Structures are given as C-alpha cells and as structure tokens.
Amino acid sequence: MTLNINWIEEARKRKDDLVRDVQALVRIPSVRDDSEAQPGAPFGLKVAEALDYMLTRGQAEGFRVKNVDGFAGHVEMGQGEKLIGVLGHIDVVPPGDGWTVDPFSAHVRDGRIYGRGAIDDKGPTIAAFYAMKIVKELGLPLSKRVRLIIGGDEESDWRCVDHYFKHEEMPDIGFVPDADFPIIYAEKGIIDADLQYRLTGSEETGEMTLRSFQAGRRYNMVPDAAEAVVEGAGLEEWSSRYERFCRDHGLNGNIHHSGEAAVLTLEGVAAHGAEPERGKNAGVYLAQFLASLPLDGGSRPFVQFVASSFFGDTRGRKLGLAYRDERSGELTVNVGVLSYDRAQGGTIGLNIRYPVTADGETIRQTLSNVAVERGLTLGRFHDTKPHYVDPDHEWIRTLQRIYEEQTGEPGRLLAIGGGTYARSLTAGVAFGALFPGRPDVAHQKDEYVEIDDLVKATAIYAQAIYELAK
C-alpha cells in the first residue's frame, strides 16, 4: 500500500501546539540537583517534574506510558514483537551567566524559542513526541511498537538509561533526536578524568600566595568564568599587567582588592566540551596569567601544569594524546573543572573525546604517566567507549532516503565528538535535530531553537517512525 502523506503539512497543522508544549517544558528548570534526590526523583524535583510533564502529555494523547522509578520513562504506541526506540532527554545543563533573556522563560522572538534546553534536548524531544502523535492521529497501521524513551540524567552520568535498560527491553533499532542532521553513525569515546594535586607542606613561600582558584561547573562545558584570590606584595603592579593580558586576548577580566588580597575574575566563552576550540576557556586563560606571577611553591606547580599542558591546545598534543582517524577525526581535550585551595590542593577535571579507533586504556596510562611526572596523580577515570554502526544497514539507508526526500539535501553520514544516547542502544544513530549550517548553541548562553526547523524535524521524524514501524 502506497500512502501519499504530506508530512510537513501535517507538522505545520500542529505548529502552535508544538510551540506551547516546548515552552511549557523549557520553563521547568530541570537541572540535576542531588540535594533534592529522593525515591521517585533521583535527580531532584525539577527533573522529576519535567519527566512527569512528558508522561502526563503522553497519557492525555492516548499513548501507553510508564515511569521507571523517576530515572526515565517512556511513551509507547503500536503493536508487535519488534520495538523501535526514540531516545530524548529532559534534563539540562546549568544556564550559566550572560543571558539576554531569562533562561527558563521560553521567550519567543524572531521565530525562535529561547531557553536552556530549547535545542538540547527539550525541543527535539517534543518534536519526536509530535511525530508519534501525527502517526497515531492519521491512524496509520504499524507492525512494530514505537517507544519514546525519556531520560533524566543525560547531561551528567547517564544513570537514567543505565537504570532504564536494566528493567526495560532494548529496542531492536532506534534513533536519537539530540545532535545533528543528517545522520551520525560514529561517536567518539568519552573520558571524564580527574588529575589530583596534593600539597606536601614543605613548599617554599613566594612573593604572592594563591589562596584559591575556581573555574567550571561541568566536565562537558567549556568554563565561561574563572576566579582566583591572590595575596602578597606587588599586586598594584600586576593589576596593570592583568588588564593588558585580558586586552591582548580579547577577554573581559577584572581585578579588585579585598584587604590584603586581590580577586581576579575572567569571562571566557562557553561551548560544548566536544568542541572546546569553539569556546574560550576562562580557567585555562586565567591559569596562563597566574603562571606568570611569583607564586608560592605550593600553587606554582599546579598553575604551571595547567598553563603548559592546555593553553592553546585542545587536541592533547602536549599530553602525548594527539590521536586521529578517518572515521571520526581528532581527539579533543576540555578542561571542564578547575579548583585549587591552599589547604586542600587542586583538581583538574578533564573531558576527553577520542576517535573510534583509539584505545581508552592507552589514554589512561599516558595520562597517569604524565601526571606522575608533574607531581599529580590520576584520580577518577570514567571511560565511555566509542559508538559505531555499520553504514550499510537497511534502516540507515531508510533514514537517509527520508532525510533527502524531506529536505532535498544529501543524507550524509557524520561522525561527532559528542556523546548521544545512541551509544546506549545496541543499534542506534543520532538523527537531528540541528540542521546543517545552523549554529550549535547547545550549552551556550541564549540557547534557542528555530521554530520552523522544529516543525521540519517533526515531519522527518513522523515519516521515519512510520516507515521503520509500518
């Protein structure tokens, strides 16, 4: 049976409702909050509220819904033994500073919805939901089940899908609306690692003492702010040098005095940790300046290690980690978290994305050796292996054809450094929702989604869901 369905027209009919649902979901500030964790809300009350919103909407539309202990949930339709999975998430990274609108207002301006999570991943998750709604409302026959799986911890530790798939079945195939169009078939490995620096108590004093140094909130974000507190002689002279340093590097920095100490602040440019070259790492820049100060022997090795290992290098060359391959490109390193306290020592939190043919254990050994040579130790090391799907699968060719029919553009296969839920699937790819040529504003201030793009993605997802499950 050949059906002649105008998918984009069906999506446009539902545009106003789609926008309202995205706004309602964005207005829930679903940043993980471990201080509020409780049974049924393992990631805090706001993440639980966002999950409940999706499941309540699903129930209202006549789908089968299930909440899996607050870790994740699903919205399901169709009948059959085979299961098609669509995986989205409703947690968001912290908004950060510098927004021109309230990050949780879901403000509509110039054809865009602004807000944290608008593109990552609330807008695309709602688009997938509306795609299911279109297929259901058209009464199209399905021989498989379709399940929109909604996670609550994608931006942190993925405990959501870990828990979910311990209790629920694995889809036979699936896609994830949480990256770029056309199709992402390869994702780099992701390592979160801590390099620890401990004070020995015998360091010599210097003209200046670094009391504290802080930058970054999340490993997978380029820090957009850093602060250091320094005390000692000659601070007035160094104030003018700091101003010149900021000017030379096109950065906004400030220095103000508090008693015998000076507080140095620096504004960087946030970006996703998978593409650290797109940002300006406030912590690394500030470390580069601090390394020029006559600091005490306790803090000097820490600051100099950060500056010499990461300033001007997001490819791990200075650490001996410059891997690359044809499938997935170069290894990247993001210094996502920096902290130093003169009583406790310091931590360097790294987010490393490595090519699909590189080896995580070799990277661990190299990092460990470099750390020991410089008086640090390798602490936490969490390795999420690369994800790769054979591009010749029939269902991948189906997605390529659908994308080409809907857009008129070639359905190219891509490799990325980002980590999507696709790697939690036995057979899954990332499929949108960011169209080629659009700036990637995920994890950045003034994050937004283009409303027309969201409608177009809904049409693509509706056709994909139908053709995969018919």
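Start by selecting F175, F181, Y403, F431, F435 and Y461: together they form one aromatic cluster. Keep in mind as you look around that this is a predicted model.

Now zoom in on two members of that cluster, F175 and F431. Their ring centres are 5.5 Å apart and their planes meet at 80°; planes over 60 degrees apart count as edge-to-face, so this pair is edge-to-face. Colour the chain by position and you will see that the pair links distant parts of it, 256 residues apart. F175 belongs to strand 7 (residues 173-176), while F431 sits in the loop between strand 22 (428-430) and strand 23 (433-434). Are these two rings buried or exposed? F175 is buried, at 0% relative accessibility, and F431 is buried too, also at 0%. In total, the structure holds 21 aromatic pairs.

Stay with the cluster and pick F435. K456 lies over the face of this ring, 4.3 Å from the ring centre. For another charge over a ring, select R380 and Y219: the charged end of R380 is 4.9 Å from the centre of the Y219 ring.

Next, show the cartoon and find an open sheet of three strands, in the order 4-5-24 with antiparallel pairing. Its edge strands are strand 4 (108-109) and strand 24 (448-450), each pairing on one side only. Strand 4 joins strand 5 (residues 112-114) over two bridges, and R109 stands opposite R112 in strand 5. Which helix packs on this sheet? Select residues 15-26: this is helix 2, which touches strand 4 and strand 5 and runs at about 15° to the direction of strand 5.

Last stop: select residues 263-337, where UniProt (unreviewed entry) places the feature "domain: Peptidase M20 dimerisation". The end C-alpha atoms of this span lie 19 Å apart.

How values were computed. Residues numbered from 1 in each chain as written. Predicted model: local features only at pLDDT ≥ 70, side-chain atom pairs only at ≥ 80, totals over all residues. Heavy atoms only, no water. Pairing = 2+ DSSP bridges. Helix = DSSP H or I, 4+ residues; strand = E, 2+ residues; numbered from the N terminus. Contact = heavy atoms within 4.5 Å. Axes fitted to C-alpha atoms, helices over the stretch in contact; angles between N-to-C directions. UniProt positions renumbered as here; feature names shortened; annotations may be inferred. Phe/Tyr/Trp six-rings, centres within 6.5 Å; stacked < 30°, edge-to-face > 60°. Buried < 20%, exposed > 50% of the residue type's maximum accessible area, 1.4 Å probe, protein only. Lys NZ or Arg CZ within 6 Å of the ring centre and 35° of its normal.
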